[in-house]
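Hi,

Here is the structure I promised to pass on. Have a look at it first, and then read on for what turned up.

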Amino acid sequence: MTSTTATPPVARRKQNKPKAKSKLGWNLIGLVVFATVGFPVYWMLNTAFKPAKDAIDPNPHFFPRTFTLANFRRALEISDFWGPVGRSMIVSLVVVSIGIVVGMLAALAISRFAFRGRKVVIVGILAVQMIPLVAMIIPVFLLLNDLGQYDKLTGLIVTYLTFILPFTVWTLRGFIVNIPKELEEAAQVDGCTPTGAFLRVVFPLLAPGMVATSVYGFIQAWNEYLYALMLMSQQNQTATVWLGNFTTKNGTEFAPMMAGSTMMAIPIVVLFLIVQRKMAAGLTAGAVKG
């Protein structure tokens, strides 16, 4: 006969203590990271709802003593608000729509087909992302001016595509590579065409990755400032450039500027709330194989 000895309760508690301490440590690190990342957002909201004189107080208060909506009214009155926001929305949506379609087709070609120069294309995509955007602003300005696209939304859209497309292609390629090719082959054995196999098998599995990539592209296009400042006139300025209207010769109106920034952040927050489930699935896709 064999005898087994049960672990005493005291020993089990001692074994669980290191795990509990480790979990507590990671939770504290998570709280510190959350506070560090979230504090600028809180301070933006705090400044947006406090009186303008309190925003420039040399001894600021962590919690506002009074709330006011005057800053939002001032932000809407200082200059045209809906025009720049509408232009930013149009540019961002068009860039994301074109970028996700073209990027998906390019990523599919790189991932599923073997052709001459395939490695050169992949290296080229990485090389383009390493070039600082500020280094290309003068060539882009001269090129758009020669093509008659200066101070036009079409020119700004094409410009944004040049640095959003490489990221889109590279990211979607990673998602496609993690989808087993045998699934497409099995669908074709069952009678699907290559296009039908992609639409019925690969595309549903790729959807979370497309959503995550689209959100990133939208945020990047929405928040871009330098090219919008250099390539668009004041009459056709975008939302990020519009925030510069709060800096005048008399100083910067910090409270209305934070109110304007809060209103600008609303579309991003709404978009994220709509696609948050797909976004989370896309960010974790490929983390576990099998």
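**Pocket, cavities and salt bridges**

Two or more residues in the lining of the largest pocket come from each of α1 (9-48), α9 and α12 (254-284). Before you go further, keep in mind that this is a predicted model. The biggest share of that pocket's lining is from α12, which gives eight residues. In total 15 residues line the pocket, and those nearest its centre are M44, A265, I266, I268 and V269. Its volume comes to about 360 Å³. As for chemistry, the lining of the largest pocket has 12 nonpolar residues, three polar ones and no charged ones.

On confidence, the mean pLDDT of the protein is 82, with 88% of its residues at 70 or more. The stretch to be wary of is residues 282-290, where pLDDT stays under 50. For that stretch the model has eight contacts beyond four places in sequence.

Now for the enclosed space. Rolling a probe the size of a water molecule over the atoms shows where empty space is left. Searching the whole structure this way turns up two cavities of 30 Å³ or more.

The largest cavity holds about 50 Å³ of space. Its lining is made up of V95, V96, G99, I100, I164, T168, T213, S214 and G217. Three elements, α4 (82-112), α7 (153-177) and α9 (194-223), give two or more residues each to that lining. Of these, α4 gives the most, with four residues. By type, the lining of the largest cavity splits into four nonpolar and five polar residues, with no charged ones.

The second largest cavity has a volume of about 40 Å³. Around it you will find S88, V91, L156, Y160, A221, W222, E224, T238 and T240. Here too, α4, α7 and α9 each supply at least two lining residues. The lining of the second largest cavity counts five nonpolar residues, three polar and one charged.

Last, the charged pairs. Side chains of opposite charge can pair when their charged atoms come close. How many salt bridges does the structure hold? There are four, and these are the ones I would look at:

- D54 with K53: the side chains meet at 3.4 Å, N to O. D54 counts as buried because its relative accessibility is 12%, under the 20% cut-off. K53, at 61%, counts as exposed.
- R65 with D54: this salt bridge has an N to O distance of 3.8 Å. R65 sits in the loop between α2 (52-55) and α3 (70-78), while D54 is in helix α2, so the pair ties together parts 11 residues apart in sequence. R65 is exposed, with a relative accessible area of 55%.
- E184 with R112: the closest N and O atoms are 2.5 Å apart. E184 belongs to helix α8 (residues 181-189) and R112 to helix α4, so this pair ties together parts that are 72 residues apart in sequence. E184 and R112 are both buried.

Through shared partners, the salt bridges of K53, D54 and R65 join these residues into one network.

If you load the model, you could start with M44, A265, I266, I268 and V269, the residues nearest the centre of the largest pocket, and then turn to the E184 and R112 salt bridge.

Cheers

Terms used
Residues numbered from 1 in each chain as written. Predicted model: local features only at pLDDT ≥ 70, side-chain atom pairs only at ≥ 80, totals over all residues. Heavy atoms only, no water. 1 Å grid on protein atoms, 1.4 Å probe; cavity = no way out; pocket = protein on both sides within 12 Å on 5 of 7 lines; lining within 4 Å. Points joined across faces, edges and corners; volume = space filled by probe spheres on them. Nonpolar A, V, L, I, M, F, W, Y, C, P; charged D, E, K, R; others polar. pLDDT = per-residue confidence, 0-100. Contact = heavy atoms within 4.5 Å. Buried < 20%, exposed > 50% of the residue type's maximum accessible area, 1.4 Å probe, protein only.
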